[in-house]
Amino acid sequence: MDVMTILVLEESEGDLPHHQLILETIPGVRLGLFADPAQAGKIYAEQKVDVVVVDDGIPDGSLNWLKQVHLTSGRRDVPAIVMATAGEKEIKRALYEYGV
């Protein structure tokens with residue numbers, strides 16, 4: 001079975017165990033759990049990542065982080081899931097237009 005790597009970038013370190021509890025039930029998954037955008041970006045650039053889950057509440061927002069890691073890594077082939085609150089229509093539109 002192939003291993004699937006999911007990188008999670010969360011605004012609050014205290015929320016990471018919730019992601020772990022849910023995502024570790026997926027067979028063959030390897031998790032990278034981060035509350036530090038710089039650390040998550042380094043892993044994105046240096047390792048094989050299959051899916052990215054990003055909280056829009058991170059400093060500078062999810063869209064800026066995604067643009068930065070795409071630029072620095074030269075890769076934009078990893079599907080991204082962005083967690084945003086229901087009322088954030090502008091960021092949702094911007095993410096959609098960016099291709100997320």
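Over how many bridges do β3 and β4 pair, and is the pairing parallel or antiparallel? Good morning. I shall come back to that question once the whole chain has been introduced. Please keep in mind throughout that this is a predicted model.

Let us begin with the overall layout. The secondary structure consists of four helices and four strands. Starting at the N terminus, these elements follow the order β-α-β-α-β-α-β-α. The radius of gyration is 13 Å, close to the 13 Å that the globule rule gives for 100 residues, so the chain is as compact as a globular protein of that length. Along the principal axes, the C-alpha atoms occupy a box of roughly 40 × 30 × 20 Å.

Two further values describe the chain as a whole. Of its 100 residues, 34% count as buried. The exposed surface comes to about 6,100 Å², and 54% of it is supplied by carbon and sulfur atoms. As for contacts between residues at least 6 apart in sequence, 67% of them join residues at least 24 apart.

I turn now to the sheet. The four strands form an open sheet with parallel pairing, and their order across it is β2-β1-β3-β4. At the edges stand β2, residues 29–34, and β4, residues 80–83, each of which pairs on one side only. From one strand to the next, the twist averages 15 degrees.

Let us walk across this sheet, strand by strand. Strand β1, which covers residues 4–9, pairs with β2 in the parallel sense over six bridges. Two bridge partners can be located in your view of the structure: Thr-5 is matched with Arg-30 of β2, and Leu-9 is matched with Phe-34 of β2. Next, β1 pairs with strand β3, residues 51–55, in the parallel sense over four bridges. Here Leu-7 has Val-52 of β3 as its bridge partner.

That brings us to the opening question. Strands β3 and β4 pair over four bridges, and the sense is parallel. Within this region, Val-54 stands opposite Val-82 in β4.

How many of the six residues of β1 are buried? The number is five, so β1 is largely enclosed by the rest of the structure.

Now for the helices. Helix α1, residues 16–23, packs on the sheet and touches β1, β2 and β4. Its direction makes about 170 degrees with that of β2. Together, β1, α1 and β2 make a right-handed β-α-β unit. A right-handed β-α-β unit is also made by β3, helix α3 (residues 61–73) and β4.

I should like to close with three individual residues. The first topic is Ser-62, which lies in helix α3. Is Ser-62 buried or exposed? Its relative accessibility is 0%, and buried means under 20%, so Ser-62 counts as buried. Leaving aside residues up to four places away in sequence, Ser-62 touches Val-54, Asp-55, Asp-56, Val-82 and Leu-95. You will recognise Val-54 and Val-82 from the sheet, where Val-54 stands opposite Val-82 in β4.

The next residue is Asp-60, found in the loop between β3 and α3. Asp-60 has a positive phi of about 70 degrees, although it is not a glycine. Its relative accessible area is 66%, and the cut-off for exposed is over 50%, so Asp-60 is exposed.

The final residue is Lys-48, in the loop between α2, residues 37–46, and β3. At 51% relative accessibility, Lys-48 also lies over the 50% cut-off and therefore counts as exposed. Which residues does Lys-48 touch, not counting those up to four places away in sequence? They are Val-3, Thr-5 and Arg-30. Of these, Thr-5 and Arg-30 have already appeared as bridge partners. By way of a distance, Lys-48 and Asp-15 are 33 residues apart along the chain, and their C-alpha atoms are separated by 24 Å.

To summarise, the predicted model shows an open, parallel sheet in the order β2-β1-β3-β4. Two right-handed β-α-β units belong to the structure, one made by β1, α1 and β2, the other by β3, α3 and β4. Thank you for your attention.

Key: Residues are numbered from 1 along each chain as its sequence is written. This is a predicted model: local features need pLDDT of at least 70, side-chain atom pairs count only at pLDDT 80 or more; totals for chains, interfaces and linings use all residues. Side-chain values use heavy atoms; hydrogens and water are left out. Two strands pair if DSSP finds at least two bridges between them. Axes are lines fitted to C-alpha atoms, for helices over the stretch in contact, and angles run from 0 to 180 degrees between N-to-C directions. Contact means heavy atoms within 4.5 Å. Buried means under 20% relative accessible area, exposed over 50%, partly exposed in between (1.4 Å probe, protein chains only). A crossover is right-handed if, with the strands pointing away from the viewer, the path from the first strand over the helix to the second runs clockwise. The radius of gyration is taken over C-alpha atoms; the globule rule is 2.2 Å times the number of residues to the power 0.38. Accessible areas come from the Shrake-Rupley method with a 1.4 Å probe; for residues, only the protein chains shown count as cover.
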